[in-house]
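Student: I have a structure open and want to learn to read it. Where do we start?

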Amino acid sequence: MTLLWLESSLPMVRIDRNHPASLQRQIYDLIREAILGGALAPGTRIPSTRSLAAELGIARITASNAFDQLIAEGYLETRKGDGTYVGRTLPDDLLALPEDPRLGTRVRPPQLPSHRGQALERLWDQGVYQKAGLRPFQMDAPALDAFPFELWGRLESRHLDRSAAMNLAYCDPAGHPPLREAIAAHLRAHRAMACDPGQIIITHGSRQALNLAAQVLLDPGDAAWIEDPVCPDARTAFTCAGAHLVPVPVDEQGLDVAQGEALAPGARLAYVTPSHQFPLGVTLSLSRRLELLDWAFRAQAWIVEDDFDGEFRYAGKPLASLHGLDRQARVIYLGTFSRALFPGLRLGYMVVPQDLAKAFRSARALADRGSSLVPQMALTDFFNEGHFQRHLRRMRIVYGERRNVLVEAIRQSLGHLLSVRVPDSGLDLVADLEAGSGDVALVRQLARGGIKLIALSSLYQRTPSRSGLVFGFAGFPERSLRAGIGRMVELLGEPG
Ligand SMILES: Cc1ncc(COP(=O)(O)O)c(C=O)c1O
């Protein structure tokens with residue numbers, strides 16, 4: 001390391017020959033920081049590159065290159081025949097950060113994001129996205145161990161052929177047309193939905209679809225019903241659109257429509273998970289479905305149907321969607337491949353009323369110009385060659401078995417603490433704690449031991465009526481589920 005004090009005007013110059021940054025970069029950084037930090041005021045004379053190079057024992061070209069960069073960026077300027085100066089036109093009162101009068105130190109002003117930004121910060125703090133690998137009983141993981149990756153790889157590479165260079169270009173922002181046709185055919189056959197490929201918008205999962213729906217359907221201040229309890233992402237998507245959220249209780253029949261009407265009859269939108277309410281797992285009853293559609297028609301409101309795991313029903317066929325009952329074009333249906341295939345694929349879709357298709361397509365284009373084409377083409381083949389239905393059939397069996405193993409393990413080892421019912425659909429389940437027990441503290445304690453659960457009470461907006469743990473079972477083979485419950489027993493035996 002060389003340490004020098006240059007008499008002229010440069011403060012302590014430190015260059016370190018062992019530093020990974022080049023000497024030129026070190027000189028550049030030092031002078032730039034000195035100017036931005038206020039140590040070198042505008043108009044100050046700087047030593048010549050010749051004297052700097054001599055004092056530091058470096059090649060002159062190294063010092064000249066650093067100066068050239070600083071001149072090009074406006075930090076330094078040369079005066080003909082008179083040497084180099086700190087740029088005179090730099091607003092010196094804007095260069096240094098303000099002083100804190102009490103501490104006498106330079107302080108950074110507080111960074112206050114918008115209300116939207118603050119809602120996003122709160123969502124981050126809930127830890128939803130801070131994942132460290134796959135931990136039992138993460139609820140958003142399908143069986144990655146059972147996915148046919150080789151087949152998927154073959155389907156993708158088919159479309160990465162040199163002769164098909166067009167596949168690497170931008171595609172239709174609403175999605176690859178043959179994929180939209182395949183999805184429309186699937187929905188007609190399996191979810192009783194009469195829809196046209198023109199109504200389908202491919203998205204980056206249902207989370208993007210939620211954000212698009214919030215953006216296209218809501219104006220700031222509009223009231224929006226959300227289920228209570230609800231998935232935090234849905235809550236935040238609508239909050240960020242400036243909506244006034246109206247939490248509507250969920251009972252054994254799903255969303256309580258009468259209470260929604262009593263709380264906010266003129267709401268502009270209702271968000272529901274009818275096939276498998278997240279997180280309680282109940283199905284919206286037929287009478288409630290009809291009530292909800294009737295309210296939406298009278299109020300001219302939209303219904304956002306999030307059908308994130310409707311394919312997985314263990315007794316009988318998947319239920320018909322709410323969209324399939326809609327005769328007034330009030331329902332926006334969201335589907336995803338995150339659970340049916342794998343979440344890293346980041347592909348989902350929405351089915352929107354014909355009249356809204358243009359606005360949604362445009363919102364999708366504006367958001368990110370559409371999804372990558374090659375995975376969409378692979379997915380089209382996956383549908384058209386029958387793999388999708390085959391995979392779902394296999395997975396229903398695997399998940400049904402995993403569900404049974406988890407329920408049995410909870411009952412056997414944690415039955416004194418948790419009561420659990422066997423869900424007939426979905427990839428997660430709720431185990432209730434005794435009323436009044438703190439699920440949030442319990443989840444924190446278990447997280448420290450590598451167990452990932454969600455506290456049921458944290459998903460409520462109003463005073464929680466239940467306390468419990470949300471378990472995902474799909475992503476873990478039977479021995480991992482048993483080991484996870486064993487680990488919980490161990491952790492619960494330790495002082496919290
Ligand atoms: C309520 C709900 N909707 C949707 C999803 C899927 O989101 P995405 O399709 O963006 O992966 C999940 C996944 O965990 C969910 O819990």
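Tutor: Start with salt bridges. A salt bridge is a side-chain nitrogen of Lys or Arg within 4 Å of a carboxyl oxygen of Asp or Glu. Keep in mind that this is a predicted model.

Student: Which residue does Arg158 form a salt bridge with, and how far apart are the closest N and O atoms?

Tutor: Arg158 pairs with Glu385, and the closest N and O atoms are 2.9 Å apart. Arg158 sits in helix α6 and Glu385 in the loop between α13 and α14, so the bridge ties together parts 227 residues apart in sequence.

Student: How many salt bridges does the whole structure have?

Tutor: A search finds 20. Another one joins the side chains of Asp381 and Arg158, at 2.8 Å from N to O. This pair also links distant parts of the chain: Asp381 is in helix α13 (residues 373-384), Arg158 is in helix α6, and their positions lie 223 residues apart.

Student: Are Asp381 and Arg158 buried or exposed?

Tutor: Use the cut-offs: buried means under 20% relative accessible area, exposed means over 50%, and partly exposed is in between. Asp381 has 14%, so Asp381 counts as buried. Arg158 has 44%, so Arg158 is partly exposed. Glu385, at 35%, is partly exposed too.

Student: What about a salt bridge inside one helix?

Tutor: Look at Arg487 and Glu490, whose side chains meet at 2.8 Å, N to O. They are about one helical turn apart, because they are three residues apart in helix α16 (residues 478-493). Arg487 is partly exposed at 29%, and Glu490 is partly exposed at 48%. Now return to the earlier pairs: salt bridges that share partners join Arg158, Asp381 and Glu385 into one network.

Student: How do I read a buried nonpolar residue?

Tutor: Check its accessibility, then its contacts. Leu406 lies in helix α14 (residues 387-414). Its relative accessible area is 0%, so Leu406 is buried. Setting aside residues up to four places away in sequence, Leu406 touches Phe137, Leu429, Phe471, Phe473 and Ile485.

Student: Which residues come nearest to the ligand?

Tutor: There are 14 residues around the ligand, and Ser206, Asp306, Thr336, Ser338 and Arg346 come nearest. Next, look at polar atoms. A polar side-chain atom of Thr336 is 2.6 Å from a ligand oxygen. An N or O atom in the side chain of Arg346 is 2.9 Å from an oxygen of the ligand. The protein covers 97% of the 400 Å² of accessible area that the ligand has on its own.

Methods:
Residues are numbered from 1 along each chain as its sequence is written. This is a predicted model: local features need pLDDT of at least 70, side-chain atom pairs count only at pLDDT 80 or more; totals for chains, interfaces and linings use all residues. Side-chain values use heavy atoms; hydrogens and water are left out. A residue is near a molecule or strand if one of its heavy atoms lies within 4 Å of it. A polar contact is a pair of N or O atoms within 3.5 Å; within protein, one must be able to donate a hydrogen and the other to accept it, and residues adjacent in sequence count only if both atoms are side-chain atoms. Accessible areas come from the Shrake-Rupley method with a 1.4 Å probe; for residues, only the protein chains shown count as cover. Helices (H or I, at least four residues) and strands (E, at least two) are DSSP runs, numbered from the N terminus. Buried means under 20% relative accessible area, exposed over 50%, partly exposed in between (1.4 Å probe, protein chains only). Contact means heavy atoms within 4.5 Å.
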